[in-house]
Amino acid sequence: MTLRPAPAAWWRDDAAVAAVLALLAFALAAGGWLWRADRLVYDAGLALFTRPAPDDIVIIAIDDASIEAIGRWPWKRSVHATLLERLADARPRSVVLDMVLSEPDPDPRQDELLAAALRHAAPVVMPVSWQAVPGEPLRALEPVPVLRAAVGLGAAEAPVDADGVLRHAFVAAGPSDRPYPHLAVAALRAAGESVHPQMALKVEDVADPSPGWVRQGQFLIRFSGPPGHLRHLSYVDVLRGTVPVEQLAGRHLLVGMTAQGLGDTLATPVNGRQRAMPGVEVLAHTLNTLRRGDAVQALPLWAVGGVSATGVLALVAAFGLAGTRLALGLAVASLPLALAASLAALALGLWCSPAAFMLAAALAYPLWSWRRLERGVAVLDREIAELA
């Protein structure tokens with residue numbers, strides 16, 4: 001079909017429609033007004049592109065089988081000491097004991113046994129939680145002193161979004177005068193590794209959840225797959241020594257709760273219809289993201305607005321070139337193409353939400369065709385008047 005340029009008056013109408021829709025797209029994207037749709041697309045895309053589980057990150061799961069075999073939780077700290085002695089013999093790269101032990105055991109010998117095992121199994125890191133008291137700054141909850149002296153420390157928190165889904169983490173968090181590295185960062189440092197250069201801390205990425213408490217270096221976690229995707233070993237199997245040493249040696253070992261109804265579980269973009277992901281598994285995905293440096297890079301909102309506005313301008317210009325017969329097809333095709341382009345970019349690690357463009361594109365053809373119809377009716381009325 002031969003493309004014919006429209007009359008100059010029609011181009012003025014097209015320009016007006018394009019300008020209005022471009023401003024709408026920019027305002028929607030830059031203001032984050034479509035955040036629910038944005039996150040729906042982001043979650044679907046992240047769940048779609050799974051990756052092989054890393055071989056050198058292993059979760060030692062306090063699972064239902066372990067609870068049934070060892071007994072009701074919480075267990076004596078001597079049980080964890082025995083596990084750590086097993087792990088020390090395997091010479092792992094690092095051990096993360098994902099338990100908040102901020103209160104001393106009623107039996108001081110339990111803490112002494114665990115502290116001795118922590119020193120033997122080094123390098124071991126443990127989490128620092130915090131306590132919120134109304135009207136007071138957040139207070140860090142470190143392990144009891146006898147345990148604190150034998151381990152590295154890392155911040156353990158779950159900064160969920162407004163919809164309750166955990167998508168990002170912070171490289172450091174804690175009191176403004178002495179923030180703690182993220183627990184995954186602490187594990188890498190304990191192993192003599194470093195965070196990937198692309199994940200370097202950015203000074204400007206600072207959020208203050210409470211007076212005197214800071215968060216630094218926000219990044220989007222690159223989940224490798226749904227819950228259960230990473231390698232799990234049962235705590236009781238490792239405790240009994242039935243797991244070959246070769247499956248533990250030279251690996252990052254994360255000891256944490258996965259049993260139903262115990263421990264922290266979180267909603268993540270990759271959960272799908274499965275149960276929530278255990279916190280220790282989120283930690284494993286975070287550790288893998290930090291060392292690989294492949295966190296999802298989200299475009300700033302103003303940049304998303306610019307891309308959306310530019311796309312709308314191009315679409316309306318294409319309407320004028322293609323004419324009324326092809327314009328509808330272009331409008332319909334632009335929606336799945338924008339979605340596909342956004343998902344393809346996400347697969348490469350770049351996130352640019354298509355929601356603002358798609359909404360403006362859905363309005364483009366009705367507005368454009370209405371203005372064309374109005375202009376055509378005006379021309380026809382003028383010609384009829386001249387004939388009369």
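How many bridges join strand β3 to strand β4, and do the two run parallel or antiparallel? Three bridges join β3 to β4 (residues 139-141), and these strands run antiparallel, with Q131 standing opposite R139 in β4. Strands here, like helices, are DSSP runs numbered from the N terminus, a helix being a run of H or I of at least four residues and a strand a run of E of at least two, and two strands are said to pair if DSSP finds at least two bridges between them.

The model is a predicted one, in which local features need pLDDT of at least 70 and side-chain atom pairs count only at pLDDT 80 or more, while totals for chains, interfaces and linings use all residues. Residues are numbered from 1 along each chain as its sequence is written, and side-chain values use heavy atoms, with hydrogens and water left out.

Strand β3 has further partners. Four bridges join β3 to strand β5 (residues 152-155), and this pair runs parallel; within it, V128 stands opposite A155 in β5. Strand β2 (residues 94-97) is joined to β3 by two bridges, again in a parallel arrangement, and V125 in β3 is the bridge partner of V96. Between these two strands the chain passes from β2 through helix α5 (residues 108-120) to β3, making a β-α-β crossover that is right-handed, a term meaning that, with the strands pointing away from the viewer, the path from the first strand over the helix to the second runs clockwise. Six of the eight residues of β3 (residues 124-131) are buried, so this strand is largely enclosed by the rest of the structure. Buried means under 20% relative accessible area, exposed means over 50%, and partly exposed lies in between, as computed with a 1.4 Å probe on protein chains only.

Helix α7 (residues 183-190) shows the corresponding count for a helix: six of its eight residues are buried, so α7 too is largely enclosed by the rest of the structure. The buried residues of α7 are L183, A184, V185, A186, A187 and L188, and just after this helix G192 takes a positive phi of about 80°.

The next topic is the packing of nonpolar side chains. A nonpolar core is a set of buried Ala, Val, Leu, Ile, Met, Phe, Trp, Tyr and Cys residues joined through side-chain atoms within 4.5 Å. The largest such core has 44 residues, and those with the most contacts inside it are L84, L87, L118, Y235 and V255. At least two residues of this core come from each of β1 (57-62), α4 (77-90), β2, α5, β3, β5, α8 (235-240) and β11 (252-257), and α4 gives the most, with seven residues. If contact is taken as heavy atoms within 4.5 Å, V255 touches I60, L83, L87, V95, V96, L97, D98, M99, Y235 and V280, not counting residues up to four places away in sequence. Apart from this core lies another, of 38 residues, among them A61, V96, V171 and F219.

Aromatic rings of Phe, Tyr and Trp (its six-membered ring) pair if their centres lie within 6.5 Å, and planes under 30 degrees apart count as stacked, over 60 as edge-to-face and the rest as tilted. A search of the whole structure finds six aromatic pairs. One of these is formed by W73 and W75, which are edge-to-face at 5.0 Å centre to centre with 70° between the planes. W73 is partly exposed, with a relative accessible area of 27%, whereas W75, at 8% relative accessibility, counts as buried. The rings of W75 and Y235 have their centres 4.9 Å apart and their planes at 55°, so this pair is tilted. The tilted pair links distant parts of the chain, with W75 in the loop between α3 (64-70) and α4 and Y235 in helix α8, 160 residues apart. Together W73, W75 and Y235 form one aromatic cluster.

A last site to inspect is L166, in the loop between β5 and β6 (168-175). L166 is buried, with a relative accessible area of 3%, and the residues that L166 touches, not counting those up to four places away in sequence, are A158, P159, V160, I221, F223, L266, A267, T268, P269 and V282.
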